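Visitor: I am new to this structure. Please show it to me, and let me ask how each label is earned.

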Amino acid sequence: MKYLNSLLKSSIAKKILAEAFKRKPLTVPVQPIDDRDWKMPDMNIKGTIVLENFSQRNRTLPVKNQGRIGSCVGQSGRVVYGFCKEFENTEPSVMHIYKTGQKFDPWPGESYSGTTIRGAAIGLKKHGCCEERYWPYTGKENAPMKHGAEENAASKKIEGFYVIDKNDANLIKSTLLKEPLWTSIMVHEDLYYTKSSGVIDDEKYLESKKSGGHAIAMIGWKTIKGKLYWEFQNSWGKWFGDDGYFYLSNDLYKKIIINANGPFYIKAHSENKKIPPPPVEKENFTTFIIKFFKNLIDLIINMLKKKGK
């Protein structure tokens, strides 16, 4: 295992994996932001969430590999809607989310690869989503739907969907404490070379060439050197990044998000999710003082380092 890990971290292995990731279809078309998208209603959040790190990684459905078809919206939707009680002992059909979404995209016909989160969310509201066993994933665009799929889907419609403002990090965090979010980004070529840490470098990413739109599930956040990074589950298999996950800084995410002014929140009919949300850590006077002096110490250390140079 030690030799395998060393091999995977080698430059040759990274190039081979990057070439494999480049073959993944990036089929989320860029659309103008739709002002008709409902903004997330006021959740009466009191105080600022000061948790530096949080992840739903161990609570969400496992990472999968979309293969060579443009099903990233379905794959990420599986993670988001699959967190709900409607799929307590099973999981949503990727194909149902993907193919139903195409019916509500703003383009005629359905004979193309890919879809949008907005189209898929409308599909979930109008037609629901069947369980995976009714429309299994085969890695092919023409995977057949089984008898009973539509009837099963009709019992699993969402109540609605909302967009959370990308500038409201506290509201995004508050929602992530309860469940994952759905979002799409513009992929640049640097993403193909993501390190095993999963952390993306802002400058290198933006300097690399644009490749296309891609849908992912936002599942948490972490703080790196005082900077906020969002955690995402990808659909390129566990060989990608940090076992299939990666991190974008808040600043970078806000620059490369497409088709909406923030991540999508799916409101299911079930009030209770699979996993009860952890308590929200509020910022009181004590935590404020600790945070203040911590930032002050970091500032002094950085100043001394610069002076030493």
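Visitor: Why is Glu131 called buried?

Guide: This is a predicted model, so the value is computed from its atoms. Glu131 has a relative accessible area of 11%. Buried means under 20%. Therefore Glu131 counts as buried.

Visitor: What makes Lys156 and Glu131 a salt bridge?

Guide: Their closest N and O atoms are 3.3 Å apart. The cut-off is within 4 Å, so the pair qualifies. The two link distant parts of the chain, 25 residues apart. Lys156 is in the loop between α6 (149-154) and β2 (158-163). Glu131 is in the loop between α5 (117-126) and α6.

Visitor: Is Lys156 buried or exposed, and how do you know?

Guide: Lys156 has a relative accessible area of 9%. The limit for buried is under 20%, so Lys156 is buried.

Visitor: How many salt bridges does a search of the whole structure find?

Guide: The search finds 10. One of them joins the side chains of Lys267 and Glu159, at 3.4 Å from N to O. This pair links distant parts of the chain. Lys267 is in strand β7 (residues 264-268) and Glu159 in strand β2, 108 residues apart.

Visitor: Why are Lys267 and Glu159 called partly exposed?

Guide: Lys267 has a relative accessible area of 25%. Glu159 has 35% relative accessibility. Partly exposed lies between under 20% and over 50%. Both values fall there, so both residues are partly exposed.

Visitor: What makes Asp202 and Lys227 a salt bridge?

Guide: Their side chains meet at 3.5 Å, N to O. That is within 4 Å, so the name applies. Asp202 lies in helix α8 (residues 202-207) and Lys227 in strand β5 (residues 227-233), so the pair ties together parts 25 residues apart in sequence.

Visitor: How do you know which label Asp202 and Lys227 each get for accessibility?

Guide: Asp202 has 16% relative accessibility, under 20%, so Asp202 is buried. Lys227 has 32%, in between the two limits, so Lys227 is partly exposed.

Visitor: Which residues do salt bridges that share partners join into one network?

Guide: They are Arg57, Glu231 and Asp242.

Visitor: Why is Pro106 called exposed?

Guide: Pro106 has 54% relative accessibility. Exposed means over 50%, so the label fits. Pro106 is found in the loop between α4 (94-102) and α5. Pro106 and Gly119 are 13 residues apart in sequence, and 8.1 Å apart in space, C-alpha to C-alpha.

Visitor: What makes Lys99 buried?

Guide: Lys99 sits in helix α4. Its relative accessibility is 15%, under 20%, so Lys99 counts as buried. Lys99 touches Trp135 and Glu141, not counting residues up to four places away in sequence.

Visitor: Why is the link of Lys99 with Glu141 called a polar contact?

Guide: The side chains are joined at 2.8 Å. A polar contact needs N or O atoms within 3.5 Å, so this distance fits.

Visitor: How do you know that α4 and α5 are roughly perpendicular?

Guide: Their angle is about 105°, with the axes 7 Å apart. Roughly perpendicular covers 65 to 115 degrees, and therefore includes this pair. Ile97, Thr100 and Gly101 of α4 make the contact with Gly119, Ala120, Gly123 and Leu124 of α5. By class, the contact has 3 nonpolar, 4 polar and no charged residues.

Technical notes
Residues numbered from 1 in each chain as written. Predicted model: local features only at pLDDT ≥ 70, side-chain atom pairs only at ≥ 80, totals over all residues. Heavy atoms only, no water. Helix = DSSP H or I, 4+ residues; strand = E, 2+ residues; numbered from the N terminus. Buried < 20%, exposed > 50% of the residue type's maximum accessible area, 1.4 Å probe, protein only. Polar contact = N/O pair within 3.5 Å; in protein donor to acceptor, adjacent residues only side chain to side chain. Contact = heavy atoms within 4.5 Å. Axes fitted to C-alpha atoms, helices over the stretch in contact; angles between N-to-C directions. Parallel < 35°, antiparallel > 145°, perpendicular 65-115°, else oblique. Nonpolar A, V, L, I, M, F, W, Y, C, P; charged D, E, K, R; others polar.
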